[in-house]
Every structure is written in C-alpha cells, then in structure tokens.
Amino acid sequence: MLCKLKAKMVNMQMKKLFFVIFATLYSFANNIEAAEQDIQFHGFVAQGLIDVDGSDFVNDDGSLSLELTEIGINASYQLNSTLRLTGQVVYLNGGNRYAQSVRVDYALLDWSVYESSDWQANLYLGRYKNYHWLYSSTRDIPFARPSIVLPQSVYFDGFRDIAVGADGGALKISYNSDTLGYFDFNISTGSSPISKEQTQIILGKLAFGEMKHTYDLQTSLYWQPFLSPWRFGLAFVDGDFEYQAAEEGDLFQDADITLQRVIANALYEGENWEFSGEILQERFIFDGFYFSGFHNNSIGQGLYVQSRYKVNADLTLLARYERLYTNKDDKNGRDLEDSSQGLIPSYFGYQNDATFGLSYDLADNLRLQFEYHYIEGAARLTPVVLPNPKVNDSKNWQLWAVQLMYWF
C-alpha cells in the first residue's frame with residue numbers, strides 16, 4: 001500500500017511538472033512578439049501507406065493500411081542563460097506496433113550546470129529524452145530517422161513509448177579536446193508510464209492486469225576522435241517491470257520482469273557515404289506471469305549494419321541487414337518450440353531483416369520516403385510474451401512502406 005501511495009504521489013508530481021512546462025510555453029506563445037528571440041516552435045506531419053504480407057506487424061488481416069501516421073509539435077523557451085523549458089506532444093497511429101493515441105514524448109527543464117571552452121554539463125528534469133542509443137534521440141521525429149521502420153533488434157516498436165524517454169532525471173557531460181577528440185557521457189534514471197493498450201501490445205490481449213515500469217538506469221559513453229568522421233559508443237540498460245494481475249478475469253499471475261542491455265555502436269559520416277551499426281546483448285528475466293514459480297532467464301543477441309549513400313542533394317539510398325536471436329543458446333528456436341509442446345513455432349525465436357530504401361526531398365521541408373523489408377522469423381512481432389502463431393503462420397514475410405513527411 002505504501003509503495004502504491006508513493007507511486008501515485010510521484011505520478012502526480014510528474015503531471016504537475018508537465019502542466020507547469022506546457023503552461024509556461026503556452027503563456028509565452030501568446031506573447032511571441034515580446035519573446036520571439038527566446039521561444040521556438042517546430043512540428044511535423046507524416047502520413048504513409050504500409051503493406052505487410054505474412055504477419056500482424058501492422059494489422060491482423062494483412063490488408064494495405066494507412067496506419068502510418070505521425071503528427072507532432074514541440075517547443076522550447078529559454079528562461080535565462082542557463083535554464084530552458086522544452087517539450088513535445090505527438091499523435092501516433094501505427095496499428096499493432098504501438099498504441100494509437102496522443103502522448104507526451106518529453107517535457108523537461110534543461111539546466112546548463114557548467115560550461116567552459118572544453119566542458120559542458122547539462123541536467124534534465126522531467127520527462128527526459130533517451131540519448132543513449134545511436135538513434136534513440138531522433139526516433140520520435142520522422143525526417144530525422146534513417147528509415148521509416150528502424151531496426152527492430154534495438155528499436156523494438158512495441159517498446160517505443162518506454163524507450164523514448166522516462167520520468168526522472170538525466171545528466172549529460174561533454175568534453176572536447178584538440179588531441180583526444182570529443183567525449184559524451186550520459187546517465188539517466190526514472191520510469192515510464194505504461195498504458196493498458198501498451199500492456200496488451202507487449203504481453204497479450206488476455207493480460208487484463210497492470211504493467212508498471214518501476215526502475216530504469218541507463219548510461220552511455222561516446223567518443224569521436226579529433227577531426228574524424230567516425231563516432232563510437234557503448235550503452236548499458238538496467239530496467240525493472242512488474243505485472244499486477246487483475247483481481248477478476250485474469251488468466252495470469254503477478255510477475256517481475258528484468259531487462260538488461262549492453263549496446264555497442266559505430267557511426268561513420270562522410271561527404272556522401274554513411275555507415276552505422278549496433279551490436280546488442282539483451283538479458284531477459286521473467287518470474288511469474290504464466291504460473292506461480294515460473295522462471296526464465298535468457299540472453300538474446302542482435303545486430304544490424306546499415307549504409308546510406310547520398311546520390312545528390314535530394315536523393316539518398318539505404319541498405320541494411322539485421323539479425324536477432326531471443327536466446328543465444330537457441331538460435332534456430334527449436335528449444336522454444338519443444339518447450340511449448342509445438343504451440344510456438346521455432347521461427348518465433350529469431351528475426352532477420354534485409355531492408356532497401358530511398359528518400360527524396362521534394363522541397364526543403366517536404367520528403368518522400370520508401371522502403372522494402374524481407375524478413376525471416378517473428379521474434380519482434382507483438383505481443384512478444386504471448387506470441388500469436390495463428391495469425392503469424394509464415395516464417396518468411398515482407399513489408400513495404402511509403403511515407404510523405406512535412407516539417408516546419
């Protein structure tokens with residue numbers, strides 16, 4: 001009872017902080033002429049078509065879908081030389097990938113704690129952004145992502161709202177040296193709210209209880225050698241979740257879930273070529289849920305390599321290859337199928353993806369993006385805890401998507 005009361009108090013405090021941030025931004029928006037040098041507004045609208053053959057990645061019937069909608073607006077206000085308020089609200093409709101709704105991606109107070117010619121330290125309080133992974137800080141903006149659908153091994157869409165950021169605090173420390181290069185250290189701690197829809201996307205439609213994100217600690221370190229086009233990073237994730245079964249009608253038990261990640265990445269940005277890749281090792285500990293005393297401790301592995309080539313100022317080509325195994329000791333999924341007595345096919349134990357795409361800038365703020373995926377396996381199809389082999393009865397499946405995006 002005490003824990004629940006504390007959680008409610010923290011939640012109320014976060015809501016109050018979000019209200020203060022957006023109320024402040026709104027009040028200054030009504031007086032832009034007086035604050036035009038300090039306040040900035042930006043937004044985007046992206047709409048597309050997506051077609052999936054052989055899985056429920058977007059919908060259950062495999063029909064051509066308009067569920068590729070992203071609308072967002074963000075704003076920032078410079079309170080003084082060291083304090084800044086910023087936030088973003090978005091509406092998303094991605095079918096089975098994540099809950100269709102309006103959400104606050106981030107709403108925070110950015111405090112520039114220290115600044116010198118070599119050092120910069122910033123403290124973020126509120127709903128902060130995730131700066132730890134290669135594309136985690138830009139995945140919420142359509143035109144800033146390298147592709148419409150990011151590599152699911154690292155940027156699993158079912159965890160999108162949990163991974164974008166969290167409620168709490170983050171610290172970013174940067175150091176720039178003419179000999180050693182540029183260093184960027186990040187650490188954050190907090191928790192993310194999980195809606196009823198998001199709970200069922202992750203766990204399954206028969207999970208009528210409540211899933212909570214109780215703890216999250218992430219750190220990352222990036223290094224770019226002096227005058228080098230290469231950038232290297234290493235990130236660590238330690239997150240705890242709990243499932244509280246519904247008092248009536250729930251087929252499942254209370255559960256404790258731990259998710260731990262180690263991610264190494266590299267990025268090369270040349271004049272025309274860009275190369276990037278991330279390697280993931282993920283530990284997944286599950287206690288309870290199916291029945292009291294159930295325990296599973298597995299280590300998964302994944303990676304992707306990606307290349308982009310800028311043909312000219314408007315046209316960019318993309319190619320990517322990705323592999324994921326939910327259990328490094330069962331890469332073909334046979335143990336998964338045997339342990340479920342054949343109810344879960346072996347191809348739910350892995351997912352490999354070959355992607356090709358292009359983007360074309362029709363104007364300075366208008367882009368058309370297209371991509372095609374050929375996929376083997378179903379490890380990242382929602383729900384991941386209670387897979388749906390009845391709908392996902394194909395080991396090999398494919399998707400194509402096209403999206404028109406405008407930003408201001």
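Where does Asn 59 lie? Asn 59 is found in the loop that joins strand S1 (39-53) to strand S2 (69-78), strands (E, at least two residues) being DSSP runs numbered from the N terminus. The model is predicted, so that local features need pLDDT of at least 70 and side-chain atom pairs count only at pLDDT 80 or more, while totals for chains, interfaces and linings use all residues. Residues are numbered from 1 along each chain as its sequence is written, and side-chain values use heavy atoms, with hydrogens and water left out.

With a relative accessible area of 13%, Asn 59 is buried (under 20% relative accessible area; 1.4 Å probe, protein chains only). A polar atom of the Asn 59 side chain lies 3.0 Å from the backbone nitrogen of Gly 62. The backbone oxygen of Ser 63 lies 3.2 Å from a polar atom of the side chain of Asn 59. When neighbours within four places in sequence are set aside, Asn 59 is in contact (heavy atoms within 4.5 Å) with Ser 65, Glu 67 and Asn 96.

The largest nonpolar core (a set of buried Ala, Val, Leu, Ile, Met, Phe, Trp, Tyr and Cys residues joined through side-chain atoms within 4.5 Å) has 18 residues, of which Ile 50, Val 52, Phe 57, Trp 397, Leu 399 and Ala 401 touch the most other members. At least two residues of this core come from each of S1 and strand S16 (396-407), and S16 gives the largest share, 3 residues. Residues up to four places away in sequence not being counted, Val 52 touches Phe 57, Val 58, Gly 62, Trp 397, Gln 398 and Leu 399. Another core, of 17 residues, lies apart from it and includes Phe 159, Ile 202, Phe 241 and Tyr 243.

How values were computed
Helix = DSSP H or I, 4+ residues; strand = E, 2+ residues; numbered from the N terminus. Buried < 20%, exposed > 50% of the residue type's maximum accessible area, 1.4 Å probe, protein only. Polar contact = N/O pair within 3.5 Å; in protein donor to acceptor, adjacent residues only side chain to side chain.
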